[in-house]
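Here is a short report on charged pairs, aromatic contacts and surface in one structure. Please keep the sequence and the 3D view open while reading.

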Amino acid sequence: MFYKVIKNYLYNASYQIFILLVPLITTPYLARVLGPTGVGINSYTNSVIQYFILFGSIGVNLYGNRQIAFVRDDSKELSKTFYEVFFMRIITVCISLLAFQVFLLIVNEYKTYYLAQSVSIIAAAFDISWFFMGIENFAVTVIRNLIVKIITLISIFIFVKSYDDLTAYILILSLSLLIGNLTLFPSLHKYVKMPKITSLNIWRHLIPSLVLFVPQIATQVYLVLNKTMLGAMISVQSSGYFDQSDKIIKMVLAIVTATGTVMLPHVANAFAKGNHAKTKEYLYNSFSFVSTIAIPMMFGLMAVSSKFVPLFFTAKFSEVIPIMVIESIVIILIAWSNVIGTQYLLPTNQTKQYTISVIIGALVNLVINVPLIFLWGAMGASYATVLSELTVTLYQLVVIRNQVKYKMLFKDTSKYVISGLVMYVVIYSLDRILKMNWLDLVIEVLLGIFIYIFLLIIFKADILNKLRNFMKK
């Protein structure tokens, strides 16, 4: 079991990284050729399009993943469930596209960019990665997307040369999403067969999917709202600064939270079989694992951001440095809420508690965003993000207080925090002395990893024993 989970975690971590890889690799190049205005327009128009994708998808990614995990041992029910959920999403995405046409009639600026971004809405209709995650086959999505992302990367460097190519850049990203999703279909025939259309009951999935859609709306609100509000209240450049910080944080989070998608079908399957003790054991192990990697990543990013930002984005984006330092705090907060929410509350059918937690987070974000952005611009948005995530995590910890033992949940956390803090102090001090170049940055990162692992060995952290046992298998 452990081997399969680790294997799927590595596949999913790779998949999540690939999704963000193209923007990350191309960001330094695009920051130079598009400038803050071009980057800001892309960030702002994309944040608006995300709302249409969100409403077109109606919670299918989480719902489909969990439902497929529930029925994956019954081939007939597997086929039926897949096609019902798939057709339902096609219809809801079509409705979302109609709403987008109405939106285009209302807006006065950035119409061309919105049209280019809208291909992503169509791509959402053909996203069936939830099916392969539900059957715990992560290899298919990884390999197909890797090829598409490499082609995307080459296309950007060939066709995007200046600010005038902004539309081409947006189109390349949108089309890569669509093509990437379409490449998953040839692998479907191994698992599902088309049942009789008359046997399908598409709408039986609508209400339970909408139940999971509510927390996704709330999550999206405080993921995208910051950029939309910055663009509307301050400037598209401010939105761009926040977006650059957000991209790096999301890249780190993709590695940390990849366990969530892997563990959800696993825990759901154990829960469906009545093995409740096992679900808690999974929770303790996952919490310890994400803490081990999230804490050093948070401290590490804080320590090197003043060197990383100018090297990666150019000196024109120096305003990103303090934003990134503050926003780094959400790495540990989201890591913990991902484990409790996605890996425990959702698969154990405690959707209501999960939903309340993210709604509270979204409300906090909505309320404090206005004064904080008004006072401090993009910095205010980063404060609001941290406070929102802190609210979500604290609420979820309170919800599970009678179901788990905190002593087991936070076992060894103090060792990770002390090790991370010592690493931060050393690397931050070194960062002030060493020169501003990539070689010195790599030295800082490698030294940071060495210090952290060395201290975990000194403190005899239990995660090392588990890793050692895994390596022996």
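Glu84 and Lys80 share helix H4, which covers residues 75–106. They sit four residues apart, or about one turn of the helix. The model is predicted. In it, Glu84 and Lys80 form a salt bridge, with the closest N and O atoms 2.9 Å apart. The two partners differ in cover: Glu84 is buried at a relative accessible area of 0%, whereas Lys80 is partly exposed at 21%.

**Salt bridges**

Side chains of opposite charge can pair when their charged atoms come close. The structure holds 10 salt bridges. Three of them are listed here.

| Salt bridge | Closest N and O atoms |
|---|---|
| Glu84 and Lys80 | 2.9 Å |
| Lys415 and Asp412 | 3.1 Å |
| Asp431 and Arg432 | 3.0 Å |

Asp431 is buried, with a relative accessible area of 6%. Its partner Arg432 is partly exposed at 46% relative accessibility. Salt bridges with shared partners also link Glu77, Lys80, Glu84 and Arg204 into one network.

In the Lys415 and Asp412 bridge, Asp412 counts as buried because its relative accessible area is 12%, under the 20% cut-off. Lys415 has 22% and is partly exposed.

**Aromatic contacts**

Arg432 has a second contact to check. Its charged end sits over the ring of Tyr428, 4.1 Å from the ring centre.

How many aromatic pairs does a search of the whole structure find? The search gives 33. One tilted pair is Tyr110 and Tyr113, with 6.2 Å centre to centre and 50° between the planes. Tyr113 is buried, at 16% relative accessibility.

One aromatic cluster joins Phe82, Tyr83, Phe86, Phe87, Phe126, Trp130, Phe131, Phe132, Phe185 and Tyr191.

**Surface and domains**

Where does Ile154 lie? It is in helix H8, residues 139–159. Ile154 is partly exposed, with a relative accessible area of 47%. It also belongs to a nonpolar surface patch of about 750 Å². The other members are Ile143, Leu146, Ile147, Ile150, Ile151, Ile158 and Phe159.

The domain assignment divides the chain into domain 1 (1–216) and domain 2 (234–470). The C-alpha centres of domain 1 and domain 2 are 24 Å apart.

Definitions and conventions: Residues numbered from 1 in each chain as written. Predicted model: local features only at pLDDT ≥ 70, side-chain atom pairs only at ≥ 80, totals over all residues. Heavy atoms only, no water. Patch = residues over 30% accessible without salt bridge, like charges linked within 9 Å, V, L, I, M, F, W, Y side chains within 5 Å. Areas by Shrake-Rupley, 256 points an atom, 1.4 Å probe, with all protein chains shown as cover. Salt bridge = Lys/Arg side-chain N within 4 Å of Asp/Glu carboxyl O. Helix = DSSP H or I, 4+ residues; strand = E, 2+ residues; numbered from the N terminus. Buried < 20%, exposed > 50% of the residue type's maximum accessible area, 1.4 Å probe, protein only. Phe/Tyr/Trp six-rings, centres within 6.5 Å; stacked < 30°, edge-to-face > 60°. Lys NZ or Arg CZ within 6 Å of the ring centre and 35° of its normal. Domains from an automatic or database assignment.
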